[in-house]
Amino acid sequence: MGYLNILQRYLPEILEELNHDILKEKDSLKFLGTEEDINKIIQKQEDLVRKYLLEFEGKDVLQQCEEFYKEIDLPYVIVRSNFDKLKKKIIQKLMLEGTNEELIFNVKNYIDKLSNAIAKVYIKKDIQILKGLENSPFVNYVLYKSNLDWINQIVKAIEKDDMSNFPLVPAKDSEFIKYLEYPESVMVCMDANLCSYLEELHTLIFKTAYSFYLFYTKGNYTESYLIEKDFIEQAFKLMKTIAELYFITFADLETNFFNLISYLASSNKRQFVSIIDIQNLRTLNKIYGEEAINQAISEIENQIKEILKNKQNRTLFIRGTTANFYMFNTSCTDNDIKNFVNQISKVVNKKLIIDDKEIELRTIIGTLEIEPFSEITGEEVRKILSHLKEEAKKKEKKMLLVLDKEEKTEILKWINQRYQNVNFIKSSILTRNIDVVFQPVIDLKTGKVEFVETLVRIVNDDGKLIPAGIFIDLVYELGLISELDSIVLDLLVEKQNLIKKITPNILVNVSYKSLISHKFIKKLEETVKGLNSLNLTFELTEQQLVENITIIEKLRNEIGLKFAVDDFGAGYSSLKTVADLSQKDIIGILKIDGTLIKALYKNENVKKIIYIISILSESLNLKAVAESIEKEVCLETLRKIGIHYGQGFYISKPKTVEELIVDIYSDKFKHINGFSSQNI
């Protein structure tokens, strides 16, 4: 070491200059304590530098470094700045002595090596900050826990300096991505944008962790430390975001639970929701005391959670406010749900010992299957469950499971009765408390939205949209169908500028009774003029077309209105009429009956019928539209058969025009092969 004598001669002077420079910045070091404390730190650093540079006992010095820098809160940026100043001063002295460049380079590397070793000490020291993430109240919830477990693995690998235990898992294969599909996770980040944001944060932190691993395993601790700072910041940001989402969700857990049910009701999976309610709580509280009963309820809650702990991928269980507990299950068979409910029934209907008191609880469990692709709201499900609870009480049953067709029919009657209120229907129409939603019809080849079908809704007192199927029969009985159809026309004129952002083509279901109303026809003429560049097509069944052929021809000739044949293939034989109307350019669309589409991939004969319809429509220059597309396999089969247009819940459920615009322009339909918002 040719520079040793030079360093021995100049090091006291260099260190004195360095200490003087440091003390000039003492205002920025006030957090270290008094001036005396700062001087002690400077002296300790000086001793370490002397030993490292002059005694060349690197190993011993590094151990001392670890002990020293763990004891004080001196930021690494200050330590590194001091070593840069030291390196600069030493090199200046060596150059004055005429030391050759190779030797100067070696000295520089030697000092950098010490600075790099100290960075490793700081990596181990600072990573401990992440242990604070374990103090969250959400540590046992899937989204938080999955990331926390991964972060803890990294912390342990760094603590033990053992990178063989560093979790090198691609972000897309992590537990977190799998857990995003769990009911609990969907409830927490129900907004698709929130889920995307979480995925982006998650992917970023994984990339940062991998960069850290690459530099650390190469011994580049200075660079690793800087990456670690980013990693820690990103970890806190991700975990804070997840914790905030959980906090917001759990602040009104029951409401968000039922919002989840409404959100998932349009999927193609079998889904079940249950109410678990303890009876006669007031009486129990008087007999045993509220504290004892609360303990009993908590014990039951823990036992149910134990039953369901390995089923979180398809189950969500919560403690409610309007009932004791609610449970949501998805991707289950009837036997699965019966087994769940039976297990829970055994837990909740048994004697418990609380504070030496024997408490026997009696519980009712009501379970309802949510029909796939339904438009039921979460609030409606809550009311149905409450109804099931009351029915179980009347029938003196511990369990009431609505699973078979007969039971579901009874529930449907009860729902209908709730809205089959003459005053409610009359009032809604007379006060125009009506709205419309739209379901897109797409070109199955290109994914382009070709039409939107208009569907009428009544707005109830809670602002919820009630589907037409619940109230339309009563509207006909009350003789208000033409008034309702007229309101729909007004709403189309009102919303036309928004509709144009999606497509210029609108399909509207219209009553044959409206077509014989002079008042409605006058409204229709005004509407067609007011719609400017929008193309209006009325949907009528084959039978309605045949029975109203004269007026339909008149509307086509005088107003320019075109028609679509709805429910084509449902059984009414009128092929000649369809051919005649096609030749007169009165109809332009055949809408294939939904029951045929649902049976498409199960029945080879149905497939042949639809193929014949595709040939027929093509020969008559008509557009064939397949309704009720609920699965990808159905859509792909229709493409192969040659059907060009389709609609259904697999593509999109009916939505407000504003919701539909957001979905389309955010590529919400990207699951449909060929779709792009550019196709609009």
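Contacts between residues 24 or more positions apart make up 73% of the contacts in the protein chain with a separation of 6 or more. The model is a predicted one. Its protein chain contains 27 helices and 16 strands. Of the 680 residues in the protein chain, 51% are buried. The accessible surface of the chain amounts to about 33,600 Å², and 48% of this area belongs to carbon and sulfur atoms.

Strand β9, residues 449-459, is mostly covered, with 11 of its 11 residues buried. Three strands pair with β9, namely β8, β11 and β10. Strand β8 (residues 434-443) runs antiparallel to β9 and is joined to it by nine bridges; within this pairing, P440 has V452 of β9 as its bridge partner. The two strands form a hairpin with five residues between them, and G447 in the turn has a positive phi of about 85 degrees. Strand β10 (residues 465-467) is also antiparallel to β9, and three bridges connect the two. Here I458 lies opposite I466 in β10. The hairpin of β9 and β10 has five residues between the strands, and its turn includes G463, which has a positive phi of about 85 degrees. With strand β11 (residues 505-509), by contrast, β9 pairs in the parallel sense over three bridges, and E453 stands opposite L507 in β11.

A further hairpin is made by β4 and β5, with two residues between the strands. Strand β4 covers residues 351-354, strand β5 covers residues 357-360, and the two pair in the antiparallel sense over four bridges. In this hairpin D355 adopts a positive phi near 50 degrees. In a regular strand, side chains alternate between the two faces of the sheet. In β4 the covered face consists of L352 and I354, while K351 and I353 form the uncovered one. I353 stands opposite E358 in β5.

On the surface, L168, Y210, L214 and F215 make a nonpolar patch of about 350 Å². One of these residues, L214, is located in helix α9, which spans residues 192-217. L214 counts as partly exposed because its relative accessibility is 34%.

The structure holds zero disulfides. A disulfide is a covalent bond between the sulfur atoms of two cysteines. Among the cysteines, C189 counts as buried because its relative accessibility is 1%, and C332 counts as buried because its relative accessibility is 4%.

Technical notes: Residues are numbered from 1 along each chain as its sequence is written. This is a predicted model: local features need pLDDT of at least 70, side-chain atom pairs count only at pLDDT 80 or more; totals for chains, interfaces and linings use all residues. Side-chain values use heavy atoms; hydrogens and water are left out. Patches are made of residues with over 30% relative accessible area and no salt bridge: like charges are joined within 9 Å, nonpolar side chains (Val, Leu, Ile, Met, Phe, Trp, Tyr) within 5 Å. Accessible areas come from the Shrake-Rupley method with a 1.4 Å probe; for residues, only the protein chains shown count as cover. A salt bridge is a side-chain nitrogen of Lys or Arg within 4 Å of a carboxyl oxygen of Asp or Glu. Buried means under 20% relative accessible area, exposed over 50%, partly exposed in between (1.4 Å probe, protein chains only). Contact means heavy atoms within 4.5 Å. A disulfide is a pair of cysteine sulfur atoms within 2.5 Å. Two strands pair if DSSP finds at least two bridges between them.
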